[in-house]
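User: I am new to this structure and would like to go through it by question and answer. Please keep the replies short.

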Amino acid sequence: MGDVLAGIHSTWEFDTDSVLIRFERGIRTPKLLQVLGERRIPYEALSSVELAPGKRRGTVVLHAVPRRGADPLLDAAAGQLREASDPYRLVLPAERETLADYYAGELRSALGPAAAEEADDYLVPAPAAPLQFKAYDGKVSFDGKEVAFRWFWTGASSAKWKAGDQAFAVGDLEGVQWRSPEIAGGYLRLLRRGGAAAPRPGGHDRAEGDGDDEAGPAADQDPAAVVFGLGYGLVHESLPLAAAVLEAIRAAEAADEGTRRHRSHRADPADIAARIRHLGDLHSAGLLTDQEFTTKKTELLAEL
């Protein structure tokens, strides 16, 4: 499309295969959007496009709805973001409704054939590591490979002090639970492989406002979790980190799956040895030349 549509707090620049969303910096722009800066959204990451009147009088909202599982940021948020902080909403003055309707139609025509399906991989990048923030009971940092918790003596429980500072390699994790600091009992919990049954990584099976009722210890007693509080673990600080960890976990899982597939396709060493012995017999009998024997043997050894 190659056009630009400027709205309140953000500008959408349409390309042939994606839309580049740039968020404004200013006191009226939600802090999460300021931190994100800009995001490139492939059209294949979208499931639908909606245009509706805005809550503010005299505005309309162009909403590009992402496919489930396409964006680690929304995966981590699990429906807890305030509407104003939704990076897929473009708020426009009502006089631009006709123009917005045109772009809505263009976006719909660009949706991929799998728009209604859950994405197998993340299609939108998470905020890049390194990232860090302060929770009520400790400092959290993520360098792309490891999540570290450093406890604060003023906030950490005795259980966490006894466990000591923690470091979790991405390969040892299967997911992240993020409960917004704007909800009572907010926290970030790392889900370790082989741990108690838990919802899908990044997901929440309960509605907003429910208690901390998942399996396992309470967040303030769990050395794989940090708790939020007034001024701690703010959305624009903790959610980008949670999303980056989720993306890294997904990438590690994909790499492990690729390794397993490679190994499963490797030939049985005993079978290869038997076939090489057979080639040797043919070579000894003069049925294979030296070059033919060497070539076939090399091919068989490459299958190991």
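User: Leaving aside its neighbours within four places in sequence, which residues is Leu239 in contact with?

Analyst: This is a predicted model. Leu239 is one of the residues that touch the most other members of the largest nonpolar core. Its contacts, without the neighbours within four places in sequence, are Leu32, Leu73, Ala76, Ala77, Leu81, Trp178 and Leu234.

User: Which helix gives the largest share of the largest nonpolar core?

Analyst: The largest nonpolar core has 62 residues, and Trp12, Phe149, Leu188 and Val226 are among those that touch the most other members. The largest share of this core is 10 residues, and they come from helix 5 (residues 235–264).

User: How many residues does the other core, apart from the largest one, have?

Analyst: This other core lies apart from the largest one and includes Ile276, Leu279, Leu288 and Phe293. Ile276 and Leu279 are also among the buried residues of helix 6. The number of residues in this other core is 6.

User: Why do the buried residues of helix 6 lie on the same side?

Analyst: The buried residues in helix 6 are Ile272, Ile276, Leu279 and Gly280. In an α-helix, residues three or four places apart point the same way, because there are 3.6 residues a turn. The buried residues of helix 6 are put on the same side because they cover an arc around the axis of only 105 degrees.

User: What does the face of helix 6 turned away from its buried side carry, and what covers the buried residues?

Analyst: On the face turned away from the buried side of helix 6 are the exposed residues Ala270, Arg277, Asp281 and Ser284. What covers the buried residues of helix 6 includes helix 7 (290–302).

User: How far apart are the end C-alpha atoms of helix 6?

Analyst: Helix 6 (residues 269–284) has 16 residues. At 1.5 Å a residue they should span 22 Å, which agrees with the distance between the end C-alpha atoms, 22 Å.

User: Which strands stand at the edges of the open sheet?

Analyst: The open sheet has 4 strands in the order 1-2-3-4, with antiparallel pairing. Each edge strand has a single partner strand, so one side of it is left without a neighbour in the sheet; these are strand 1 (4–6) and strand 4 (38–42).

User: Over how many bridges do strand 3 and strand 4 pair?

Analyst: Arg22 stands opposite Glu38 in strand 4. Strand 3 (residues 18–23) pairs with strand 4 in the antiparallel sense, and the pairing runs over 5 bridges.

User: What angle does the direction of helix 3 make with that of strand 1?

Analyst: Helix 3 (residues 97–110) packs on the sheet and touches strand 1 and strand 2 (10–14). The buried residues of helix 3 also pack against strand 5 (46–53), strand 6 (59–66) and strand 7 (89–93). The angle between the directions of helix 3 and strand 1 is about 130 degrees.

User: Within what arc do the buried residues of helix 3 fall?

Analyst: Ala100, Tyr103, Ala104 and Leu107 are the buried residues of helix 3. The face turned away from them carries the exposed residues Thr98 and Ser109. The buried residues line one face of helix 3, because seen down the axis they fall within an arc of 110 degrees.

User: Why does Ala163 count as partly exposed?

Analyst: Ala163 lies in helix 4 (residues 158–163). Buried means under 20% relative accessible area and exposed means over 50%, with partly exposed in between. Ala163 counts as partly exposed because its relative accessibility is 38%.

Technical notes:
Residues numbered from 1 in each chain as written. Predicted model: local features only at pLDDT ≥ 70, side-chain atom pairs only at ≥ 80, totals over all residues. Heavy atoms only, no water. Core = buried A, V, L, I, M, F, W, Y, C linked by side-chain atoms within 4.5 Å. Buried < 20%, exposed > 50% of the residue type's maximum accessible area, 1.4 Å probe, protein only. Helix = DSSP H or I, 4+ residues; strand = E, 2+ residues; numbered from the N terminus. Contact = heavy atoms within 4.5 Å. Expected span 1.5 Å × (residues − 1). Arc of directions from axis to C-beta. Pairing = 2+ DSSP bridges. Axes fitted to C-alpha atoms, helices over the stretch in contact; angles between N-to-C directions.
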